Amino acid sequence: RYAPAKSQIREIRRFSEPKSLDFSTWVSENLSRIVIISLSIVTILALFFLYNTTDTASLLCFQTQSTQSLQPLTRPQIKWNSIRVLPDKTSPYSTFVTEKWIVVSVTNYPTEELKGLVKIKGWQVLAVGNSLTPKDWSLKGSIFLSLDAQAELGYRVLDHLPYDSFVRKSVGYLFAIQHGANKIYDADDRGEVIGGDLGKCFDVELVSEPMLQYSHEDPNRTVVNPYIHFGQRSVWPRGLPLENVGEINHEEFYTEVFGGKQFIQQGVSNGLPDVDSVFYFTRKTTLEGFDVRFDEHAPKVALPQGVMVPVNSFNTLYHSSAFWGLMLPVSVSSMASDVLRGYWGQRLLWELGGYVAVYPPTAHRFDRIEAYPFAEEKDLHVNVGRLIKFLIAWRSEKHSLFEKILDLSFAMAEEGFWTEQELKFTSAWLQDLITVGYQQPRLMSLELDRPRANIGHGDRKEFVPRKLPSVHLGVEETGTVSTEIGNLIRWRKNFGNVVLVMFCNGPVERTALEWRLLYGRVFKTVVILSSRKNSDLYVEEAKLDHIYNSAEGFLFVEDDTVLNYWNLLQADKTKIWTTDKVSKSWTSVNPTGKSDWFSVQAELVKRTVSTMPAHFQVNYKEAAKNSLDALTVCSSEVFYVPKRLVTDFVDLVDIVGDMDLHYKVALPMFFMSMDSPLNFDPVLGSMVYKKKTSSFNSSLSLYSAQAPAVHPWSISSEQDFIKLVGQMAEGDPLLMELV
């Protein structure tokens, strides 16, 4: 046979009998092609739509809902009483028990910051490895859990954890609980604890004392940006809904709550705070690292039920009542895991009557100029606002905490916030908690379901946050007046119950009113004393040699010394403040034994000490044991006697009586008799102290707004006072309103 030529084939096809053009016939003959092409088009359009208009969360929700429509979710049923408590019998630390743990995830070799965490006294560092961690990872003083070591622990959660993620910290939490933990500091390896003492940063021991709380007056407010409270209104934390970023006004007022139930304590971080990729990529244009600073003096603040705050996994202290809330979700992106955990945990914490509190800077994190994975956060930005509203509306009728936790995890899976995998992981986590010996806390009635009391005027607590500059915005923050008023309120709050006693050597008729204006804004009362009484100006008569007779618990300053009160905030008001660390003010003199002035005063000191009660004598002799024959002399231009020592101070004044003991000798004797110099607050140690000069211009050159006090300073007229205010305005700009 031969094959027909191509031209012949074309001719045959051209003149063959035409087929029917009936539409139904055409469809029936081409049905398979139509179905294939239609499915292809729909698939392409769906992928194009998801790629361009949604994100990983939408895709996840789409997939989840499709799956759920075919396979409905099943809520786990757990027989809690059948779960046995099992001790650690496999690890080398099976017999090790301690109460305070620091848990970190490690991917690289130990950082300098991690080495610093190991040095924190009383805390055990637990480093949790993953598949990216070097095999030879080691750090003296820490416990390291490699993947192999984790596998040997036999926890149920191990079946659900990814190998290359920081969420493996969940194994570390369980290990710490199994080995006696009642406090866990959730940290990362690039943050250093400020001051190296977690006890000074957080409430490691819970005490029932009042603390500020955000107001619940606005029922529509569900989330706050805590960075505003700590002075950075243009910075927002990762996990804050982007629609709330523009809310930058500070609180009109706060309320107050008794501490003791802040079971989750979120610390603020200086340097690189916890910010999202939107902030990180839009708030700087150079490769320079972030170095954001927050107000370290701002008070901690609690969150009432119904109001939430982002919580992270690298600077947070958990108390045992909230250990169940340490579970890091595994079915969401790594950058969303701890944020979702934080909101989920806050809602459940309300069931225990507990709450979250945010603390002033507790850590410093260094910006390593590493790219933030925006794709890892996309589901966070889309879903977090909806999640918060869902959590606040959610209720459960279950009668135990663990059953409520399962209820909420199931509901969140149904709503597409995470997948069924999370439900299984939650079940494993709760069972593991029981296995390692954790006892679930008891429930309390939910405040959200009770009528809220009206906030009366007396319940309102004022605090005006500072507005610190945010240099990465390209412009400096405005609103300095509000900041200055806030400072004045803070100073008044700190010193509002302190009486300031001023002794005037100069002409009081020219300066008394000015001194009251200057210091009366800050202190409760300004008592002005002089060698001559002036009833018109309310100036009391007193001899400088016996000024201590008028003391009632006060901060004393002479009119030749300037007090920079804004630098005294950090001083301890339960301790004596004096100039014992200022060598030109506090000196020791060895008397000659003859009838010179120093010898006479030294003899009067010995006579006075011999008549003191035992506790005064013991204190004085202990303080002067290395120089009992020496005479301590102090000019005492400025000092502070705390309330707890007022009675002692008065008793010592009575003991001196009419002895001709000079005040420069009597006052240091009083201080050393009341308390050991080792207990004095050193705040005045950095004051500017020079020899007296008659030139006012030379005094101007001495002034420093960074010092706690400046001596000497000569004020003899209103013009001198105006010049002084001009200098002090560097620390308190509102002073310019006085002139």
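Helices (H or I, at least four residues) and strands (E, at least two) are DSSP runs, numbered from the N terminus. A cavity, on a 1 Å grid over the protein atoms alone, is a set of points where a 1.4 Å probe fits but cannot get out, and lining residues have an atom within 4 Å of a point.

This is a predicted model, in which local features need pLDDT of at least 70 and side-chain atom pairs count only at pLDDT 80 or more, while totals for chains, interfaces and linings use all residues. Residues are numbered from 1 along each chain as its sequence is written, and side-chain values use heavy atoms, with hydrogens and water left out.

**The whole chain**

Begin with the entire protein chain, which holds 22 helices and 21 strands. Of its 739 residues, 54% are buried (under 20% relative accessible area, against over 50% for exposed and in between for partly exposed, with a 1.4 Å probe and protein chains only). Contact means heavy atoms within 4.5 Å. Among contacts in the chain with a separation of 6 or more, 78% are between residues 24 or more positions apart.

**The nonpolar cores**

Next, select Ile184, Trp324 and Phe402. These residues have the most contacts inside the largest nonpolar core, which has 102 residues. Such a core is a set of buried Ala, Val, Leu, Ile, Met, Phe, Trp, Tyr and Cys residues joined through side-chain atoms within 4.5 Å. Helix 13 (residues 401–414) gives the most to this core, contributing 9 residues. In soluble globular proteins, nonpolar side chains tend to be buried together.

Stay with Ile184 and display its surroundings. Leaving aside neighbours within four places in sequence, its contacts include Trp101, Tyr173, Leu317, Phe323 and Leu326. Apart from this core lies another, of 47 residues, with Cys504, Leu563, Val638 and Val688 among them.

**Helix 11 and the loop before it**

Move to Arg341, in helix 11 (residues 334–349). Is Arg341 buried or exposed? Arg341 is buried, because its relative accessible area is 1%. Leaving aside neighbours within four places in sequence, its contacts include Tyr173, Asp186, Asn312, Tyr318 and Leu326. Leu326 is 15 residues from Arg341 in sequence, and their C-alpha atoms are 7.4 Å apart in space.

Then select Ser333, in the loop between strand 10 (315–319) and helix 11. Ser333 counts as buried because its relative accessibility is 14%. Add Glu376 to the selection: the C-alpha atoms of Ser333 and Glu376 are separated by 5.5 Å, although the two residues are 43 residues apart along the chain.

**The largest pocket**

Now select Glu296, His297, Ala298, Pro299 and Leu569. Of the 31 residues that line the largest pocket, these lie nearest its centre. A pocket is an open set of points with protein on both sides within 12 Å along at least five of seven lines. The volume of the largest pocket is about 1200 Å³; a volume is the space filled by probe spheres set on the points, which are joined across faces, edges and corners. Helix 8 (198–201), strand 6 (210–214), strand 11 (356–365) and helix 15 (480–495) are the elements that give two or more residues to this lining. The lining of the largest pocket divides into 14 nonpolar, 7 polar and 10 charged residues. Here Ala, Val, Leu, Ile, Met, Phe, Trp, Tyr, Cys and Pro count as nonpolar, Asp, Glu, Lys and Arg as charged, and the others, Gly among them, as polar.

**The largest cavity**

A search of the whole structure finds 4 cavities of 30 Å³ or more. The largest cavity has a volume of about 100 Å³. To find it, select Tyr227, Gln266, Gly267, Asp274 and Asn312, the closest to its centre of the 14 residues that line it. Which element gives the most to the lining of the largest cavity? Strand 8 does, with 4 residues. The lining residues of the largest cavity comprise 9 nonpolar, 4 polar and 1 charged.

**Two backbone details**

Most residues other than glycine have a negative phi, and most peptide bonds are trans.

Select Ser636, in the loop between strand 18 (631–634) and strand 19 (638–640). Ser636 has a positive phi of about 55° although it is not a glycine. Leaving aside neighbours within four places in sequence, Ser636 is in contact with Phe556, Glu558, Ser585, Leu667 and Phe671.

Finish at His711 and Pro712, which are joined by a cis peptide bond with an omega of about 5°. Pro712 is in the loop between strand 21 (709–711) and helix 22 (718–728).
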